[in-house]
Amino acid sequence: MKRAGQSTETPQVGRSVPRLESWLKVTGRAEYVHNLRLPGMLYGKIFRSTLAHGRIKRIDVAAAQAVGGVHRVVTGEDIRKLIPEPYYGPAFHDQPVLALDKVRYVGEPVAVVLAADPHVAEEAAHLIVAEYEELPAVYDEVEAVSSKAIVHDALRPAGTFPDLKHLKGRTNTNVALDFRLRRGDPDGAMGNAARVFEHRFRTQQVMHTPLEPLVSVAESTESSITIHTASQSPSFVRIEIARLLGWPENRVRVRVPFLGGGFGAKLYIKLEALVSVLSLITKRPVKISLTMEEQFFTITKHASTFRIKSAVTKDGRIVARDCEVWWNGGAYADIGPRVTQKSGFTAPGPYDIDNVRIDSYALYTNLPPAGALRGFGIPQLVWAYESHTDMVARELGIDPIEFRRRNLLREGRPQATGTRMKDAALEKVLERVAALMNWNDAFDRGGGTVRRGRGIALGFKACIANTTSLAALNVNADGSCTVYTSCVDMGQASDTAMAQIAAEVLRIPTEAVTVVHSDTDVTPFDMATLGSRSLFHSGNAVKLAAEDALGKINQLRQELHLPADAAIADVFKKKYGMRAGSVMGAGNFIPPYTPPDENGQTDNATPFWMVGATGVEVEVDTETGRVRLTRLVNVADVGAPINPKIVETQLSGASIMQLGFSLFEKMQFDADGQLRNASFAEYKIPGFHDIPAEIVNEAVVAQQSTGPFGGKGVGETGTFGVSPAIANAIHDAVGVRLTSLPMTPEAVFNAISSNAGRE
Amino acid sequence: MRREIRFRLNGEHVAAQVAPHETLVEVLRTEFGLHGARESCGQGMCGCCTVVVNSRAVSGCLYLASLCENADVRTIEAANGEEGGLDPVQQAFVDAGALQCGFCTPGFVLMTRQLLDEIPDPDEDDIRHYLSGNLCRCAAYPEIIEAVKLAARRRKTSREENR
């Protein structure tokens, strides 16, 4: 791929511009918080709970405090002296900055040792002793509904979400949200149906493992605090820290450079509250860098259980679907209740079904907290509904693609919420994946001990609502442009996309645009970089800001009697008699949204739909159970790609990440809730030997009518169909059905063996 | 218990006071402000901390700094081509879009240079095998394979031109 020249004749949008920070990244010079050291800085090392659930009786820090070079040891009680209610969280104010009164999972932060030398801090942390009164613990999300082990004595919703208000102060429950959706008459339809199918699926707990582990630095004065943090949500961090401290927002500054990966791990508050408090207590800059091991104790992806039941007519029409989903949120809610609702309402899949019941439960358990991970719950749902859909099709003797075609949710038809589908190219995506898989051609099924199979799966997602993005933009006197946004570039190339959008509006080369990284003293509010929302929301805000500036420049052109195509630099020169001045533009984007009623019904559930399908060809070794992907096909509706090459890289990267979650990644806990594989030596992520020989990625021709230049988000789309496509292909190859992730060789081998035993 | 070690760093003679337990990646960061080699997994499993010591790539998070006495140490910061531009491997990574968050990229660039020094015209299996000790969570693996092939082609062309 040749680097495009500086010509403005090429449209800026739709061009595969190499990411603007490429030079910085290939020379090792990109800025990460990981690199930051400040004068007088202390390093914090965290002492963690060894018990899954217990009341704190005593924390003895004397030996740690006595180690030479230790500046101070801080516990939850020290923090309570500074902040009477030191609890944070986006949905519930349930998470203490350091454990208070109770510990709720193995690995929960209990105390911090501060020292100028991180090795001293680490050594001293080993000398802390904590005594607990052990309490019964619960780990399974379905058991948590009725368990006598109660993780939180009383629920503490944050108050920002109306659908959580009824939970306030509730005791004796682990249910952190009970989302319900009702449409039509599912019971009646089930009773009258020709066939009813019911299955149960499970997904495991996994971790994002960004290669730059979570890291935050805080420096404070008596009246202000600056937090340098690897965060996807600088605006949220500012609001939440200001709330905790009782300070106005303008005294809290949050700066975010590049992120070494995010995937949902670096959202909301992670280490920011802790380093802020430690800096205020010590009056020194404080840095906490987690190790890879510690990341597993910080944030994870929800394990889940999904019971799905479908009523089908003789000719293969789904007339009712009943979905019951339990989300294992771990010890603190994080964004789990939003996953439960915002993803929960798509649980019946992209099918046109008149009668639907959804019950989706967020559960507290005594495991590390779970939050968002590249899909916000969608991959867990697609895993279940697309495995189930395939099982029903095969049971009915209908080709799996034909069965989906018959039931597909077409443009203009109402989804389970009642919202009518718009700009969701489900049909095109399904047909393209079938074509790229050569679905109607004969297929080599292998023989002997290596059997071949193929499968597809189709998923969709409603982008999260209701969220806002603002952007500002400065056109400089030489015609170059600076964009100010709190959108965070964590590797998805948002800087490049935002520059392309601004450049397209201003008719200047993308390379003439720079993007200022998030700094809440400088860049305007942006809800967060999550859920594939930024290209659409921040992109629209940048587009509005650029149009605002362009309008002002055009006005100057007119006033100065310059032609409409006069170079921007000439406009300024004529206006000021020399190179001087600048023009600012501002953009504020908030798409319309209607909150759901008590039955989950709304006429506007989402600003846009994302659609992704995956097809795979596999080889299954019947003697070892090993599954090898020989071909992986990803097809998506991304609207009109702003940067086709980067869109392809996002689709491909997301599908390979999901491949790890499908085949081998799993956090393994013992009976006492102790994690046994919190390191890359024991928790394997995909490497070169795991990727299929052939990967095909395609964005169908589509337009998001409300998106910037027809574009929309893509970061998560590649994850949707991977797991069920593989399960469907395994079934196709060897006739066994896996209903739990991951599909390890052991699981496949056991399924083959027990299947052979039955025959 | 610090002692002074002397070594060559990116071609310059340098000295540093190091403690016995300090790793190479720590010393590069704290004593020399070099951040291109970075600790990630801390176990030598991911390759983010790759540093070249005496012409061999090592995991800088496991390699003790004190072992670098009199060694020739090279980091990503020295890997640039002539006149401060990008070398063919770096340029190929840019052109093939073989990076996302960039945290693992320096390690991949250094390993690719070593691969092409050993096997100038690698096939896809060679590439996968040689780079299997480097991890990319963004999973830009297909693009990295393209970048390696592109760099190999360009190095071959420039060798032929120089003949």
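Student: How many residues does each chain put into the contact?
Tutor: Chain B gives 41 residues and chain A gives 43. Two residues are in contact if their C-beta atoms, placed from the backbone, lie within 7 Å. This is a predicted model, where local features need pLDDT of at least 70, side-chain atom pairs count only at pLDDT 80 or more, and totals for chains, interfaces and linings use all residues. Residues are numbered from 1 along each chain as its sequence is written, while chains are lettered from A and ligands numbered from 1 in the order in which they are written.

Student: Which helix supplies the largest share of the side of chain B that touches chain A?
Tutor: H2(B), with four residues. Helices (H or I, at least four residues) and strands (E, at least two) are DSSP runs, numbered from the N terminus.

Student: Switching topic. What is the strand order in the open sheet of chain A?
Tutor: The order is S20-S21-S26-S27-S28, with mixed pairing. Two strands pair if DSSP finds at least two bridges between them.

Student: And which are the edge strands?
Tutor: S20 (446-447) and S28 (694-699) of chain A. Each pairs on one side only.

Student: How many bridges join S21 to S26 in chain A?
Tutor: There are 13, and the two strands run antiparallel. Ala462(A) stands opposite Trp609(A) in S26(A).

Student: Last one. How far does H15 of chain A reach?
Tutor: H15(A) covers residues 534-559 and reaches 36 Å from its first C-alpha to its last. That is close to the 38 Å expected, which is 1.5 Å times one less than its number of residues. Just after H15(A), His561(A) takes a positive phi of about 55°.
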